[in-house]
Amino acid sequence: MTPQKKIEILQHLIQIPSVNDHETEVADYLAGLFAPYPQAQVEKVPYAPGRDNLVVTIGGAGPQLGLSGHMDVVAPGDTSAWHHDPFGGEVVGDQLFGRGASDMKSGLAAITIAMLEFLEQGTPLKGSVRLLATVGEETGEYGAATLTDAGYADQLAGLVIAEPSGLNQVVYTARGVIDYKVVSTGKSSHSAEPEKGINAIDNLMQFYNAVGPLMAKHTEEDPVLGHLLHNVDLISGGEQINSIPAHAELMANMRTIPATPNQVIYDELEGLIAKLNQQDGVDLKLTYSYPEEAIPGDPNAPLVQLAKQISEEVCQQPAHVVGSGGANDGAEFLRAKADFTSIEMGPGSDTSHQADEYISITEYLQAITVYEKLVPAFFDQLQG
Ligand SMILES: [Zn+2]
């Protein structure tokens, strides 16, 4: 495939505005690229209408390496802050602009093209390669959850997620996340007669005042990720100045580490809620949205070291083995029956989720070469 064709594939992907929806258009486009190769097994796995995951498997008997990327992007935000059409895929010099150029349509295109070139060139593979293209990563990894539940990760011997770490970084461990919400329900009354009401804000504040110290007891320190983070980031309540508030709520974001499994936190939060709810009039309800486990990892795992070595060879610059503060699809895939190493390594710039997001075309093309070298080397490594 010519470099020009590789750039056009990325431009086409950016021109599909798959902002937390419409991933089926991306899946159909990618599936179409495999149409000339009947030996590729192409499956669409629905999450919701218009939101299909895509699984493409090539190669033969032997271990399976997963290559994964998400098809959704975040919204462009204030478009007046952009100097390029967020869904244009404009090229200026070595930079290709657009929402998803970095996070992560360049990575998605690169892993797809690596597979297409194996097919085009008839590269013999001592195993199989599986593209796992997901929906809804940015808002909760539910595409990866769907694929994992359906067994698509059960045969994996390794997983490379092409998230925009930059090719000079191999991410082997990542924080988990717990977003939770507490709703306090009281009873409104005139503020001149507070005894006839139940103040939902007062009750919510009991939770607020207790939860900080409770979470601060987690002093476990991860050597790479640091300690557990807990922040109440949203709070609201009350109806008007002269009414006892009947409703109040808060939302908090937690970033967990492998030393503290999410279940430990759930038990503590639920225990605190149950204790407070024993008081007369207190009615607190706790819910979570798309929590993810932290990804433990070994910096010396063979796949981590192999990715580092190949990236250094291709890019002629040092690559570092690091941890990530953000959750990724790997947290879902690791729930599969197989026991494997999941890494993040992909082309990217520091403009992800920002205006004028771009990718360096040089790095994008290098990423394709990195994946094309990594796949056969991974099979050789496993099979001696
Ligand atoms: Zn991403």
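What percentage of the 384 residues in the protein is made up of buried residues? In this predicted model, the buried residues come to 53% of the 384 in the chain.

## Overall build

The protein contains 9 helices and 17 strands, and along its principal axes the C-alpha trace spans about 80 × 45 × 35 Å. For a chain of 384 residues a compact globule would have a radius of gyration near 21 Å, and the 24 Å found for the protein agrees with that expectation.

Turning to the contacts, if one takes those between residues at least 6 apart in sequence, 80% of them join residues that are at least 24 apart. The surface that the protein exposes amounts to about 15800 Å², and carbon and sulfur atoms supply 52% of that area.

## The zinc site

A zinc ion is coordinated by three named residues, namely His70 through NE2, Asp103 through OD and Glu163 through OE, at 1.9 to 2.1 Å. Written as a pattern along the sequence, the spacing of these donor residues is H-x32-D-x59-E. His70 belongs to strand S3, which covers residues 64-70, while Glu163 sits in the loop between strand S7 (156-161) and strand S8 (169-174), so this pair ties together parts that are 93 residues apart in sequence. Both His70 and Glu163 are buried.

## Ser68 in strand S3

Strand S3 also holds Ser68, whose relative accessibility is 0%, and because buried means under 20% relative accessible area, Ser68 counts as buried. Its side chain reaches the backbone oxygen of Leu132 at a distance of 2.9 Å.

If residues up to four places away in sequence are not counted, Ser68 touches Met104, Ile111, Leu132, Thr134, Leu159, Val160, Ile161, Ala162 and Phe333. Leu132 therefore appears both as a residue touched by Ser68 and as the one whose backbone oxygen the serine side chain reaches.

## Helix H4 and the loop after it

Helix H4, which runs over residues 142-149, is mostly covered, since 7 of its 8 residues are buried. These buried residues are Tyr142, Gly143, Ala144, Ala145, Thr146, Leu147 and Thr148. What covers them includes strand S1 (41-48), strand S2 (51-59), strand S6 (128-134), strand S14 (284-292) and helix H8 (330-333).

After H4 comes Gly151, which has a positive phi, near 90°. The loop between H4 and S7 contains Gln155, and this residue is exposed, with a relative accessible area of 54%. Although Gln155 and Gly66 are 89 residues apart in sequence, their C-alpha atoms are 9.1 Å apart in space.

## A sheet of three strands

An open sheet of 3 strands has the order S4-S5-S17, and its strands pair in the antiparallel sense. Strand S4 (91-92) and strand S17 (358-360) stand at the edges with a single partner strand each, so one side of each is left without a neighbour in the sheet.

Strand S5, made of residues 95-97, pairs with S17 over 3 bridges, again in the antiparallel sense. Within this part of the sheet, Gln95 stands opposite Ser360 in S17.

Notes: Residues numbered from 1 in each chain as written. Predicted model: local features only at pLDDT ≥ 70, side-chain atom pairs only at ≥ 80, totals over all residues. Heavy atoms only, no water. Donors = N, O, S within 2.8 Å, 3.2 Å for Na, K, Ca; no water. Helix = DSSP H or I, 4+ residues; strand = E, 2+ residues; numbered from the N terminus. Buried < 20%, exposed > 50% of the residue type's maximum accessible area, 1.4 Å probe, protein only. Contact = heavy atoms within 4.5 Å. Polar contact = N/O pair within 3.5 Å; in protein donor to acceptor, adjacent residues only side chain to side chain. Rg over C-alpha atoms; globule rule 2.2 N^0.38 Å. Areas by Shrake-Rupley, 256 points an atom, 1.4 Å probe, with all protein chains shown as cover. Pairing = 2+ DSSP bridges.
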